[in-house]
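Hello,

Here is the structure I promised to pass on to you. Have a look at it first, and then read my notes on what turned up.

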Amino acid sequence: MKNMLDKRAIIFIVFFSVLFISLLGVLFYQVGKHFIVQSEESQLQTYTQAIEEEIEDAETGDVVPVLENFEERYSLDFFYSDQSAEEFYHTLTTSNVLLLREIRSQGEGQESSKVIEDRIVYFTELNGNTLALLSADTSIATYRTTMIWIVIFFSLFSAILIIGFGNRLYESYVEPVRKATTTTKSLADGDFKARIHDVPYGFASNLSQSINQLARHLENLTSKYENQNNRLKTVINNMESGALLINEHGMVRLTNEAFIQQFKIDASEIFGEIYYEIVPHEPLNQLIQSAIFTEKKKQGTFEIEGGKYVNIYVAPIKDEEKEWKGVIVVSHEVTEIKRLENIRKDFVANVSHELRTPITSIQGFAETLLDGNTDDPELVEQFLLIIEKESKRLNLLIQDLLQLSVIEKDDFTLDLSTFSAQELMNHVAQIMHEQVQEKSIDLKITVESDLFIQADYYRLQQLILNLFSNAIKYSNPQGSIDWEVYKDEQEVIIKVVDTGIGMNSEEQERIFERFYRVDKGRSRDSGGTGLGLSIVKHIVEAHEGNIEIDSKADHGTTILIRIPQETGNLLL
């Protein structure tokens with residue numbers, strides 16, 4: 001039988017049933033034996049009376065012949081002890097030696113009966129001697145054998161009946177309940193794929209089907225929940241804004257990767273913890289605490305690690321009954337916005353400052369002339385020259401601002417063409433010839449005659465003019481400026497080296513900012529706007545190139561520009 005270890009109850013029932021039948025058999029055996037002994041004893045007593053009567057009727061009075069006659073007629077065994085002759089007579093065989101010895105050891109002929117070796121022995125006194133009559137040797141033994149077989153039969157019968165019925169009961173009821181218990185435990189442990197596969201009949205079948213239906217329902221609900229949860233996690237984790245959900249007890253229930261990265265939180269120890277124990281930012285914790293206590297929306301902007309800025313929104317969460325359930329914290333990184341705001345502020349301040357100087361000069365000298373100070377022609381001419389100079393400076397500033405505004409537009413596009421690098425450099429050199437001559441600068445231009453560049457001609461000319469102007473502006477008289485234009489793999493390299501005033505490393509980091517000047521006095525004296533290198537950088541970026549600068553204070557500056565080229569359009 002399969003799974004006997006799982007059917008210990010049946011084995012125990014079989015064992016105790018056999019034990020009960022055995023005990024019952026012993027009881028019936030003892031009762032039956034008692035009646036057999038009584039019946040045999042009564043029969044032997046009757047035989048004894050008959051023997052006594054025959055002995056009295058016998059003329060000789062001899063006992064032994066009478067006993068032998070009875071033995072022949074009734075198949076009785078007897079034992080007779082003649083005390084006067086000191087002899088005994090019996091009909092027992094040699095196989096009954098032990099029985100004979102036991103009979104001889106009994107009393108002195110007192111009337112009694114005993115069971116010796118499954119035979120009933122009746123003792124009586126006859127003529128002063130001991131007479132013992134023995135029943136047949138088959139009655140008790142046969143009864144005992146019969147009882148043993150009866151016990152064996154009923155034990156086997158009951159065992160087979162119990163095993164068969166118990167197995168059927170086990171398979172139909174116990175086993176389904178056991179499987180149902182195991183399956184429900186698996187469901188309770190979260191294994192919603194657990195099923196009862198062997199479905200019996202009857203109420204156990206209904207139970208199994210109900211549990212399987214429950215399991216399928218739970219699996220569907222769990223699957224939907226997991227899908228929704230995964231979608232929610234995907235959405236939250238892919239948000240650029242940080243999110244933190246805190247329940248009514250102040251414990252963290254949900255967060256996303258952006259929030260973890262912003263505040264450098266250990267993600268392995270966040271869920272189920274108090275918010276102020278895992279968020280290492282005291283101003284944020286105070287803002288959350290304020291929102292919790294007041295149950296009102298709160299907002300703030302904080303600086304976090306790495307010089308970044310985040311804008312924090314804390315909003316209370318309430319259910320349909322307007323009961324408070326916690327707060328949601330949303331953090332937006334506004335570092336770039338902050339930077340652009342600072343740039344805007346600096347830009348407005350710088351533009352205002354740059355415009356104020358020429359406008360002030362123009363206004364002052366114009367007011368002087370209007371006040372009637374026109375008697376000195378030389379002074380009037382000097383004032384008018386200053387007004388003209390400042391007007392030109394103001395015009396250049398406005399033009400550079402307009403150029404920078406155009407380049408920075410999202411819809412700005414380049415007018416690409418292929419042109420000779422040598423022609424471009426010669427054209428720029430002619431434009432800057434006068435300024436070069438004024439400072440006696442040693443100019444050197446190295447460019448291959450067959451090198452062609454694919455770029456926006458006008459913007460690249462503007463770029464080189466601005467670099468040329470800066471190199472002259474910040475170079476001392478009798479200095480030198482070296483230009484080199486060449487091809488390196490899929491890039492055209494434009495390199496300019498001057499022997500000007502140079503700059504330190506801190507200034508190199510800011511050199512491309514609007515209105516930033518290394519030598520502010522020299523730049524303004526030469527009519528510079530402070531926007532040239534900013535325009536250069538935007539033109540390089542528009543061509544998807546890059547610009548590098550290497551400079552040391554009082555040791556000149558080297559600027560290297562890389563303009564990528566498309567192989568099919570690069571003419572050599």
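Val 436 sits in helix H12, and with a relative accessible area of 4% it is buried. Please keep in mind that this is a predicted model. Along the sequence, Val 436 and Lys 473 are 37 residues apart, while their C-alpha atoms are 9.7 Å apart in space.

Lys 473 turns up again just past that helix. The loop between helix H12 (433-438) and strand S12 (442-447) holds Lys 439, and the side chain of Lys 439 reaches the backbone oxygen of Lys 473 at 3.5 Å. How far away is the nearest side chain of opposite charge to Lys 439? That side chain belongs to Glu 438 and is 8.3 Å away, so Lys 439 has no salt bridge, a bridge needing a nitrogen and a carboxyl oxygen within 4 Å. Even so, Lys 439 is buried.

Ser 440 is in that loop between H12 and S12 too. Its phi is near 50°, a positive value in a residue other than glycine. With a relative accessible area of 41%, Ser 440 is partly exposed.

A positive phi also appears at Glu 544, about 60°, although Glu 544 is not a glycine. You will find Glu 544 in the loop between helix H16 (532-542) and strand S16 (546-551), where its relative accessibility of 68% makes it count as exposed.

Is the helix that Glu 544 follows, H16, enclosed or open? H16 is largely enclosed by the rest of the structure, because eight of its 11 residues are buried. The buried residues of H16 include Gly 532, Leu 533, Ser 534, Ile 535 and Val 536, and further along the helix His 538, Ile 539 and Val 540 are buried as well.

Now to the salt bridges. How many does a search of the whole structure find? The search finds four. One of them joins Lys 185 to Asp 189, with the closest N and O atoms 3.3 Å apart; Lys 185 and Asp 189 are both exposed.

Another salt bridge brings together the side chains of Asp 488 and Arg 562, at 4.0 Å from N to O. Asp 488 belongs to strand S14 (residues 480-488) and Arg 562 to strand S17 (residues 557-564), so this pair ties together parts that are 74 residues apart in sequence. Asp 488 is partly exposed, its relative accessible area being 35%.

Arg 562 also forms a salt bridge with Glu 491, and here the closest N and O atoms are 3.4 Å apart. Since Arg 562 is in strand S17 and Glu 491 in strand S15 (residues 491-498), the pair ties together parts that are 71 residues apart in sequence. Glu 491 counts as partly exposed, at 24% relative accessibility. Which residues are linked in a network of salt bridges? They are Asp 488, Glu 491, Glu 548 and Arg 562.

The surface has two patches you may like to find. A nonpolar one is formed by Phe 20, Leu 24, Leu 27, Phe 28, Val 31 and Phe 35, with about 600 Å² of accessible area together. Phe 35 is part of helix H1 (residues 8-57). At 52% relative accessibility, Phe 35 counts as exposed, so it passes the cut-off of over 30% relative accessible area for patch residues. As general background, an α-helix has 3.6 residues a turn, so residues three or four places apart point the same way.

The other patch is negative and is made up of Asp 266, Glu 269, Glu 273 and Glu 277. Glu 277 is located in helix H7 (residues 275-278), and its relative accessible area of 52% makes it exposed.

Finally, a spot in the interior. Ser 208, in helix H5 (residues 203-237), counts as buried at 0% relative accessibility. Thr 183 is 25 residues from Ser 208 along the chain, and 9.4 Å separates their C-alpha atoms.

I hope these notes help you find your way around.

Best wishes

Key:
Residues numbered from 1 in each chain as written. Predicted model: local features only at pLDDT ≥ 70, side-chain atom pairs only at ≥ 80, totals over all residues. Heavy atoms only, no water. Patch = residues over 30% accessible without salt bridge, like charges linked within 9 Å, V, L, I, M, F, W, Y side chains within 5 Å. Areas by Shrake-Rupley, 256 points an atom, 1.4 Å probe, with all protein chains shown as cover. Lys, Arg positive; Asp, Glu negative; His and termini not counted. Charge placed at Lys NZ, Arg CZ, Asp CG, Glu CD. Helix = DSSP H or I, 4+ residues; strand = E, 2+ residues; numbered from the N terminus. Buried < 20%, exposed > 50% of the residue type's maximum accessible area, 1.4 Å probe, protein only. Polar contact = N/O pair within 3.5 Å; in protein donor to acceptor, adjacent residues only side chain to side chain.
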